[in-house]
Amino acid sequence: DIQIDADSEANTVADQAVSFVVRLRFDLPELGPCQFLLHVQQQQVTLNVYAEGEQTCALFEQHMQVLAQALAFDALALEQAQSHRIAKVPDSLLAKE
């Protein structure tokens, strides 16, 4: 599943900056259920990864620097990135906050 929303609170005339949230959910045999919440405002990116498996979280943590480099290539800064191990990835993370 993927969902992309404009962040209406951040998209004001005064800001003149586009802000959006991407919610991505998948369940791959090698990784298990995962959800990503990516928030982009101006050139700043924050990412939260939710996964059921400890090894999956560790794998994402190991590759955060690769993501930061890829974003920097496109003039974006990875301001914050965290992975969270949770008992069950709920569908509710896909709902608008």
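So, how much of this chain is buried? Buried residues make up 33% of the 97 residues in the protein chain. Keep in mind that this is a predicted model, so everything I tell you is computed from predicted atoms.

Staying with the surface for a second: the accessible surface of the chain comes to about 6,400 Å², and carbon and sulfur atoms hold 53% of that.

Okay, the layout. The chain has 2 helices and 5 strands. If you walk along from the N terminus, you meet them as β-β-β-β-α-α-β. And how do the contacts spread along the sequence? Take the contacts with a separation of 6 or more: 47% of them are between residues 24 or more positions apart.

Now my favourite part, the aromatic rings. Here's some background: you describe a pair of aromatic rings by the distance of the centres and the angle of the planes. In this model the count comes to 2 aromatic pairs. One of them is F26 with F36, and that pair is stacked, with 5.4 Å centre to centre and 25° between the planes. F26 sits in strand β2 and F36 in strand β3, so this pair ties together parts that are 10 residues apart in sequence.

Are those two residues buried or exposed? F26 has 22% relative accessibility, so F26 counts as partly exposed. The cut-off for buried is under 20%, and F36, at 14%, counts as buried.

F36 also pairs with F60. Their ring centres are 5.1 Å apart and the planes are at 85°, so that pair is edge-to-face. This pair links distant parts of the chain: F36 is in strand β3, while F60 is in helix α1, residues 54-62, and the two are 24 residues apart. Both F36 and F60 are buried. Put it all together and F26, F36 and F60 form one aromatic cluster.

Let's go to a pocket next, the second largest one. About 210 Å³ of space lies in there. Which elements give two or more residues to its lining? Those are β2 (19-28), β3 (32-41), β4 and α2 (64-73). The residues that line this pocket are V22, L24, F36, L38, L47, V49, F60, H63, M64 and L67. You'll spot F36 and F60 in that list, and those two are the edge-to-face pair from a moment ago. What kind of residues are in the lining? They divide into 9 nonpolar, 1 polar and no charged.

Let me pick out one lining residue, L67. L67 lies in helix α2, and at 29% relative accessibility it counts as partly exposed. Which residues does L67 touch, leaving aside its neighbours within four places in sequence? The answer is L47 and L78, and L47 is on the lining list too. There's also a distance you can check on screen: the C-alpha atoms of L67 and A77 are separated by 9.9 Å, and these residues are 10 apart along the chain.

Next, Y50. You'll find Y50 in strand β4, residues 44-51. Its relative accessibility is 17%, so Y50 counts as buried. Y50 and P33 are 17 residues apart in sequence, and their C-alpha atoms are 8.4 Å apart in space.

Then there's P90, out in the segment after β5. P90 counts as partly exposed, because its relative accessibility is 30%. Not counting residues up to four places away in sequence, P90 touches R25 and Q35. How far apart are P90 and R25 in sequence? They are 65 residues apart, yet C-alpha to C-alpha they are 9.8 Å apart in space.

Last topic, backbone angles. Most residues other than glycine have a negative phi. Here are two residues with a positive value. Q42 has a phi near 55°. Q42 lies in the loop between β3 and β4, and with a relative accessible area of 47% it is partly exposed. A75 has a phi near 65°. A75 is in the loop between α2 and β5 (77-85), and with a relative accessible area of 53% A75 is exposed. The cut-off for exposed is over 50%, so that's why Q42 and A75 get their labels.

Okay, that's my tour.

Technical notes. Residues are numbered from 1 along each chain as its sequence is written. This is a predicted model: local features need pLDDT of at least 70, side-chain atom pairs count only at pLDDT 80 or more; totals for chains, interfaces and linings use all residues. Side-chain values use heavy atoms; hydrogens and water are left out. Helices (H or I, at least four residues) and strands (E, at least two) are DSSP runs, numbered from the N terminus. Buried means under 20% relative accessible area, exposed over 50%, partly exposed in between (1.4 Å probe, protein chains only). Contact means heavy atoms within 4.5 Å. Accessible areas come from the Shrake-Rupley method with a 1.4 Å probe; for residues, only the protein chains shown count as cover. On a 1 Å grid over the protein atoms alone, a cavity is a set of points where a 1.4 Å probe fits but cannot get out, and a pocket is an open set with protein on both sides within 12 Å along at least five of seven lines; lining residues have an atom within 4 Å of a point. Grid points are joined across faces, edges and corners, and a volume is the space filled by probe spheres set on the points. Ala, Val, Leu, Ile, Met, Phe, Trp, Tyr, Cys and Pro count as nonpolar, Asp, Glu, Lys and Arg as charged, and the others, Gly among them, as polar. Rings of Phe, Tyr and Trp (its six-membered ring) pair if their centres lie within 6.5 Å; planes under 30 degrees apart count as stacked, over 60 as edge-to-face and the rest as tilted.
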